[in-house]
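Hi,

Here is the structure I promised to pass on. Have a look at it first, and then read on for what turned up.

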Amino acid sequence: MRFLSVCAETLQKPSITQLRESGQYLEGQSAVIGCTAPSVYSGITFSLRKLGSQDVVVSLGPTSNSSGLLTIPRLGAQDQGSYICSYWALVSGRSYSSENSDPVNITLA
């Protein structure tokens with residue numbers, strides 16, 4: 001019974017980090033953002049979205065790692081803003097999605 005109640009809920013939110021702590025980049029540089037799930041699942045797929053959009057900017061997986069690095073190549077003015085990551089995982093053959101992470105900001109200097 002406990003297994004069913006855990007799986008009926010959304011997976012815990014991931015943590016999100018930027019390899020460049022300041023979040024400031026020059027136009028044309030790549031931004032690398034880490035997304036880490038709080039538990040290890042098989043078949044995790046990570047995705048990165050701009051806050052307020054349902055469009056996936058970049059995704060990674062499926063993987064058996066609990067974290068992934070997501071790269072936004074060749075940043076331009078349109079890439080400035082806040083980003084969130086999420087993941088979905090296979091649990092007993094069924095796919096479940098996570099809550100969204102807290103946001104990180106990308107700005108161009």
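What share of the 109 residues of the protein count as buried? The answer is 36%. Do keep in mind that this is a predicted model.

Now for the general layout. You'll find 1 helix and 9 strands in the protein. Starting at the N terminus, the helix comes before the strands, in the order α-β-β-β-β-β-β-β-β-β. If you want a feel for the dimensions, a box of roughly 55 × 25 × 20 Å along the principal axes holds the C-alpha atoms.

Contacts across the sequence are worth a look too. Taking the contacts with a separation of 6 or more, 62% are between residues 24 or more positions apart.

As for the surface, about 6400 Å² is accessible, and carbon and sulfur atoms make up 50% of that. The protein has 7 positive and 7 negative charges, and the mean positions of the two sets are 5 Å apart.

One residue I'd zoom in on is Cys 35. You'll see it in strand β3, which covers residues 31-36. Is Cys 35 buried or exposed? Cys 35 counts as buried because its relative accessible area is 0%, and the cut-off for buried is under 20%.

Which residues does Cys 35 touch, leaving aside neighbours within four places in sequence? Its contacts are Pro 14, Ser 15, Phe 46, Ser 66, Ser 67, Gly 68, Leu 70, Cys 85 and Ser 86. Take Ser 67 from that list: Cys 35 and Ser 67 are 32 residues apart in sequence, yet their C-alpha atoms are 5.5 Å apart in space.

Cheers

Methods: Residues are numbered from 1 along each chain as its sequence is written. This is a predicted model: local features need pLDDT of at least 70, side-chain atom pairs count only at pLDDT 80 or more; totals for chains, interfaces and linings use all residues. Side-chain values use heavy atoms; hydrogens and water are left out. Helices (H or I, at least four residues) and strands (E, at least two) are DSSP runs, numbered from the N terminus. Buried means under 20% relative accessible area, exposed over 50%, partly exposed in between (1.4 Å probe, protein chains only). Contact means heavy atoms within 4.5 Å. Accessible areas come from the Shrake-Rupley method with a 1.4 Å probe; for residues, only the protein chains shown count as cover. Lys and Arg count as positive and Asp and Glu as negative; His and the chain ends are not counted. The place of a charge is taken as NZ of Lys, CZ of Arg, CG of Asp or CD of Glu.
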